[in-house]
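Got the model open in your viewer? Here is a short tour, stop by stop, with what to select and what to look for.

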Amino acid sequence: MTVRKLELNRRSLHGHFSSDLDPVLEIDAGDSVEFDLLDARWYLERPNLDGSGIKFEPRAAALDSGHALCGPVFVRGAKPGMTLAVRVDALTPGAWGWQAAGGWQSEINERLGLTENRGFFIWAIDLAAGLARLPLGAAVPLAPFLGVMGVAPAEAGNHSTSPPRVVGGNLDCRELVVGSTLFIPIKVPGALFSAGDGHAAQGDGESCGTAIECPMKAKLTFTLHDDFELQNPYALTPAGEIAFGLHENLWEATAQALEGMIAILVRRHGVSREEAFALVSAAVDLRVTQIANGVNGVHALLRPGAIRWRDGEK
């Protein structure tokens, strides 16, 4: 196994997904890559309380308007129809993070009466204590993950970093911590993987539209699988096994997540769809991954030991 380092520079940074992006690094399956990542808004240092601050420049308005992503990484041997497995080996947040809450038009902000005034908050990240702290006295435990991990879509053109897709992207799933492996369908040769959007901590839903957004150092390991093809991303995490659903309609996203988990149980244990559905209802947790990105996310989580099989049976 080889460990490669992807430096933070103009060539490796971009704010969109596209199969037209030139890869900045080529690796073999089994290799690891160390990423040095900006926060989602491209800040080079801790921002001010009004959200102003020094950002990475120069940026192209049409190509760099989204999250600050690093990549793309070309994985030799990756072909459409295969699956890319991305193991999260290490994540280290920077010394600060930020959040914005309210102050823009969205269905949630309108329902909560928070469209007019925006709160902008700076968190101090204390790695030694394992906490992120606000000046008002509140603190939350650190649980870092990358909001965006994805590969290039098959469709031509430039694609926004905001909505999650079949090929991953802005999943914003808080379970994807160190020790997790995310499985993503490959749609273009080489996969063209990019990552970014470091989160020091986030609750399920990313309710206000932002987590604790922070710069991040990450180490990821890449492997290829050609024995199964995914319809949606899938993950193995310390919290359990995850099937994702992604759709503008939250009910449709829920149905996709359920379908994914039912398919897992049917394939693995040979039960009927009806039996699998009953097991899902008895043992699987449905969680709203995020409601912040236009395309909503729901994930079905099968915790370790939640279903126990008698020896010799299925």
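## First stop: His 14

Select His 14: its relative accessibility is 3%, so it counts as buried (buried means under 20% relative accessible area, exposed over 50%, partly exposed in between, with a 1.4 Å probe and protein chains only). Before going further, note that this is a predicted model, where local features need pLDDT of at least 70, side-chain atom pairs count only at pLDDT 80 or more, and totals for chains, interfaces and linings use all residues. Residues are numbered from 1 along each chain as its sequence is written, and side-chain values use heavy atoms, leaving out hydrogens and water.

His 14 sits in strand β2, residues 13–14. Helices (H or I, at least four residues) and strands (E, at least two) are DSSP runs, numbered from the N terminus. Now show what surrounds His 14. Leaving aside residues up to four places away in sequence, it touches Leu 21, Trp 42, Leu 63, Asp 64, His 67, Ala 68, Leu 69, Cys 70, Gly 71, Pro 72 and Ser 194; contact means heavy atoms within 4.5 Å. Put a distance label between the C-alpha atoms of His 14 and Cys 70: they are 6.6 Å apart, with the two positions 56 residues apart along the chain.

## Backbone oddities

Stay with two of those neighbours. Pro 72 is in strand β5, and the peptide bond leading to it from Gly 71 is cis, with omega near -5 degrees. Trp 42 lies in the loop between β4 and β5. It is not a glycine, yet its phi is positive, about 75 degrees. At 1% relative accessibility, Trp 42 counts as buried.

Why flag these? Most residues other than glycine have a negative phi, and most peptide bonds are trans.

Next, jump to Pro 58, in the loop between β4 (32–37) and β5 (69–75). A cis peptide bond joins Glu 57 and Pro 58, with omega about 0 degrees. Is Pro 58 buried or exposed? With 57% relative accessibility, it counts as exposed. If you draw a line from the C-alpha of Pro 58 to that of Leu 250, it covers 38 Å, for two residues 192 apart along the chain.

One more backbone stop: Glu 206, in the loop between β14 (193–199) and β15 (216–225). Glu 206 is not a glycine either, but has a positive phi of about 45 degrees. Its relative accessibility is 3%, so Glu 206 counts as buried.

## The nine-stranded sheet

Switch to cartoon and colour the strands in this order: β1-β4-β15-β6-β13-β16-β17-β19-β18, an open sheet of nine strands with mixed pairing. Its edge strands are β1 (3–6) and β18 (285–290), each pairing on one side only. Two strands pair if DSSP finds at least two bridges between them. Look along the sheet for its twist, which averages 25 degrees from one strand to the next. Axes are lines fitted to C-alpha atoms, for helices over the stretch in contact, and angles run from 0 to 180 degrees between N-to-C directions.

Zoom in on the β18 end. Here β18 runs antiparallel to β19 (residues 296–302), and five bridges join them. Pick Gln 290 and look across to β19: its bridge partner there is Gly 297.

## Helices α2 and α3

Now add helix α2 (residues 250–269). It lies across β16 (234–237), β17 (240–247), β18 and β19, and runs at about 140 degrees to β17.

Which residues of helix α3 (residues 273–283) are buried? They are Ala 276, Val 280 and Ala 283. Look down the axis of α3 and these fall within an arc of 95 degrees, so they line one face of the helix; the arc is that of the directions from the helix axis to the C-beta atoms. An α-helix has 3.6 residues a turn, so residues three or four places apart point the same way. The cover over the buried residues of α3 includes α2, β18 and β19. Rotate to the face turned away from that buried side for the exposed residues Glu 274, Ser 281 and Ala 282.

## Zooming out

Finally, show everything. The protein has three helices and 19 strands, and its C-alpha trace spans about 60 × 45 × 40 Å along the principal axes. Of its 314 residues, 50% count as buried. Among contacts between residues at least 6 apart in sequence, 73% join residues at least 24 apart.
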